[in-house]
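Colleague: I have this model open on my screen and would love to go through it with you. Shall we start with a pair of helices?

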Amino acid sequence: MLMQPTLLTCCFPEKIRRGICSCIVTCGSDGDVRIWENLDDDDPKSINVGEKAYSFALKNGRLVTAVSNNTVQIHTFPEGAPDGILTRFTTNANHVVFNRDGTKIAAGSSDFMVKVVEVTDSSQQKTFRGHDAPVLSLSFDPQDVFLTSASCDGSVRVWKISDQTCVTSWPLLQKCNDVINAKSICRFAWQPKSGKLLAVPVEKVVKLYRRETWDNQFDLSDNFITQTLSIVTWSPCGQYVAAGSVDGCIAVWNVDTQECMERMKHEKSYTICGLAWHPKGGQIAYTDTEGNLGLLENVCNKDGKKSSGKVSSAVAKDYNDLFDEDDDFLNTDLIEPRSSPKVVSNEEDDDDDDLMLASGHPRHRGAIIEDDENSLDTALMKVNSNLEKDDDNDQDGSIPVLPVSTTQRPFYDGPMPTPQQKPFQSGSTPSHLTHRFMVWNSIGIIRCYNDEQDNAIDVEFHDTSIHHATHLPNSLNHTMADLSSEAILLACESTEELASKLHCVHFSSWDSNKEWTVDMPKDEDIEAICLGQGWAACATSAMLTRVFTIGGVQKEIFSLPGPVVSMAGHGEQLLVIYHRGTGFDGDQCLGVQLIELGKKKRQVLHGDPLPLTKKSYLMWVGFSAEGTPCYVDSEGIVKMLNRGLGNTWIPVCDTREYCKGKSDHYWVIGIHEKPQQLRCIPCKGARFPPTLPRPAVAILSFKLPYCQITTEKGQMEEQFWRSVVFHNHLDYLSKNGYEYDENAKNEAAKEQQELLMKLFALSCKLEREFRCVELADFMTQNAVSLAIKYASRSRKLILAQRLSEMAVEKATEMAAPEEDEEEEEEDFRNHLNAGYSNSTTEWSQPRVRNLHEQDMEDSKEADAVEEVEEMPEMQKFRQNPFCKTVGLPEMSAPKSAVITTSSQGRVNPFKVSANQKDPTAHSANILDNMSKFSKNTPTPNSRAVNKQKSPVIKPLIPKPKSKQALAATFFQPRPPHAGDKTVEEKEEKAENILPEIQAAVTENTENKRPKTGFQMWLEENRESILADNPDLEEADIIKEGMSRFRVLSSDERMVWTEKAKGVAASNSAEAKKRKRPADAKNEGKEKREEKSKEDSSLPKKRKPLDPSINVRLSAFAFKQS
């Protein structure tokens, strides 16, 4: 597709340097700047400044352009040689203009900022912030005192350049969200020389404002104008004003008589985007958005001649589709090439949009100018030849342009300080708006209406059960607000008569007086406020933070190290952001304090630097719904406090990734960690939403900026660490005694372990065994047990052995004994540890097993027995719990390994939780055999809770005291009775461990273990279970019985437990009740008899055992067939 580029602007340059060549300079959106000798020139010189141009300006031989790489660059003119970059923006610059003497340029961008840059020293920059939408146009005051700017937020502002303050602002334009949607680009202009009047196109009229007073003197209008005017320019003499409209109308007024002198209609009604007066008057050049250059002649001549319009169509011919409809609204600056200006009064027009005349004879006829990019630069030849001429032939009275002044001040090439960000309230829109949000947070919305009819505040609650909607008068002109579930907090600035006030509406108060007000001391203004649970706070211009109770009692006062920027509260936490120094090169230097105002007052963050994105500023600060500090900067980066990594800040979301356009933004109103949601309002072409219509809330997902996020590994790593970060608040709540959801913590741990297991499996497939060990270090004991299973099945024998060693270390670390335990539990541990070393193990950790846990373990035992019996001979060989992982038929492990694995059997770090089941029973599964030793291993969650002394996991039923004795009897068969041997003695006789285990098995087989209440209940109800489910296997019968047994009431389960204890008193009765079904009983008996016979003949040298030995060991340990 081919289309013509939009012509941004044109100009009548003066004599180019020393020549007398007359020319017109234009720039198109395709990035080409062309120099036309006249309308008949068919071979203009072309300078390409970039792939796409948005605006340009020309003065003193310098060509400044705003191009598509978000920079403002400079070229020499007419040579077109690049001469550096003056400044940069985060988005494209929409307008650039020179000041009167060409020493400064001003640029306005879609990132809402305006910059004024010294041409000779680009490090000398001033930034003007205040607009809340993309900047449309700029204009320098001829006296270099003021700068005007127009924006899509509907305002036209006048800035004082020296101190970068806004002198006045007029809401003149229709608001929009981007330049492309602007109804008018609002190219205003100052009256030349004096700058007495400022002409602004507004709708169908031109408003003229008087300097200093900023009053609207009068309006220029005409019935000929039927559409919105978008551009105005003054004649060089300052007597006439020309204006162009979006439908191609051009009108000229006499300012003194306010009479419309000239009217012209574009033959195709194209939008006028550029106007330029000839420096001597009499001619006006114009451009339209379709690439046409036109010329009006004999404009306002004193001899009464009517103007004649000449149009040169198709200034550009065929171009690739490098631009779109956005170009229709691009800037239309008029430019001036370097010249020895003939200082006719016309030439000193300060408006950069004014066209500077090149001396020579103007053409009075139009011609079609067709651009041919392959033609020779004949115009350049003419210009260059003129440059060789001497300047002595200049007309009398002309003043040559002096070279660019080189002042003698010392040259500073260092970083420039950044203006400090002004205080703001999070969740509020700019205070200059008549209808605005004072705050929007997770509790509700506070709107302010300040217009001719009403000045009031409306409060709306998301949950009407907190409070009903409220309408408050705003007689004090409150500008700040905060909202909590207890109160509404308002504040106003001081005036000449009144002090700054803090006003609180405590609607949750139980008494009748629900409002209180506090006046600040003289010359102390409130700059930021916030609410917490039972308190309110404000930061003032005296760099003080004042804390009040929610009822109005003054509490602590403390000083801030710098001026406040914003503050937020949640519960007992107070977060204050302030300026800790001066930033440079566009960066803010902010500090943060986090203070807890509870009973134990402490400071968590002591003025630490607040990390912002480069060249950004703070946009929102607050807490998540769960109480974690968060903030958002102007680049859309959301960061959260990572309490699990030393209170550092971690980026959790980039809202810019969700924006469709460069000028689109998301206005954050709340953050939730459970579920993980970023609640915000999409703003098309603006940084904040309007109050009407009511904005729709969008929910964005979080994503940590990890590397290679498109790969499976990167995705799972990001998910794992995001889960960790977003559940740190549970540990914080637990440590500080707050209530929290126990299920949420369990689900988070489960989710994290599942992700680790997936990463582990992926690393195994990629043969990354060292990485597997690193991943296992993050796992809990249960997850490590699953990792060992996976490694053994994948035949990663070395990996499985290393994981086994890691499991022992983890169990040792987690098994530190609690000091304050009951005496019965101490006796229980002493009994279990008889004959073993006193090293810290899982056996010595205090643990009270409840009936639910024991029942679940019984089910696991039954499953494990079946798996062991089905294993082949080589897999059943077991000297210690990890011999099977190595998978060798003959064991020649060192003695230390024997001791390690033996202790690991006692420690048992591999108890599989109740909801985990391995469906495979035919693989080399070491954990199925080890699960019989996992009676006392608490889950990771329960261990963490025990450390925090917070009741996260509660027993299903009260535990009877005799339960410990019952558990002791249950564990009795596992430890081999080796007398009082120490670890050293065991190391000396490691080779004899297996005979000792076998002897212990033989000895302990006679010590009959009493049945549990569940076992007795299962025996009596087995037939009913089989009647309902005749196809169930033994393991499924046990599981079905467990589910039915849990349904019983606590009293019923206690009855069965008491029955079991009563039966245990009689040895004969105990022996009778421990019988298995006939086939299982006979099989177990035969195996035990065979084992007893073989014990005496067992050789000392290790060699593969008969499969019947493992069968008997398994049957003994699990006590079920």
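Modeller: Happy to, and keep in mind that this is a predicted model. Let's begin with helix H5 (residues 769–776) and helix H7 (residues 797–814), whose axes come within 10 Å.

Colleague: How are H5 and H7 oriented to each other, roughly parallel or roughly antiparallel?

Modeller: Their axes cross at roughly 20 degrees. Angles under 35 degrees count as roughly parallel. H5 and H7 are therefore roughly parallel.

Colleague: Which residues of H7 make the contact with H5, and what is the hand of the crossing?

Modeller: H5 brings Glu769, Cys772, Val773 and Ala776 to the contact. From H7 come Leu799, Arg802, Leu803, Met806 and Lys810. As for the hand, the crossing of H5 and H7 is right-handed.

Colleague: Now to a sheet: which strands lie at the edges of the open sheet with the order E33-E34-E35-E36?

Modeller: This sheet has 4 strands with antiparallel pairing. An edge strand here pairs on one side only. That description fits strand E33 (480–483) and strand E36 (515–519).

Colleague: By how much are neighbouring strands of this sheet turned against each other on average?

Modeller: Direction is ignored for this value. The average turn is 15 degrees.

Colleague: And which residue in E36 stands opposite lysine 501?

Modeller: Strand E35 covers residues 501–505, and 5 bridges join E35 to E36 in an antiparallel run. Opposite lysine 501 stands aspartate 519.

Colleague: Finally, what share of the chain's residues count as buried?

Modeller: The chain holds 23 helices and 51 strands. Of its 1121 residues, the buried share is 55%.

How values were computed:
Residues numbered from 1 in each chain as written. Predicted model: local features only at pLDDT ≥ 70, side-chain atom pairs only at ≥ 80, totals over all residues. Heavy atoms only, no water. Helix = DSSP H or I, 4+ residues; strand = E, 2+ residues; numbered from the N terminus. Buried < 20%, exposed > 50% of the residue type's maximum accessible area, 1.4 Å probe, protein only. Pairing = 2+ DSSP bridges. Axes fitted to C-alpha atoms, helices over the stretch in contact; angles between N-to-C directions. Parallel < 35°, antiparallel > 145°, perpendicular 65-115°, else oblique. Left-handed = near helix turned anticlockwise from the far one by under 90°. Contact = heavy atoms within 4.5 Å.
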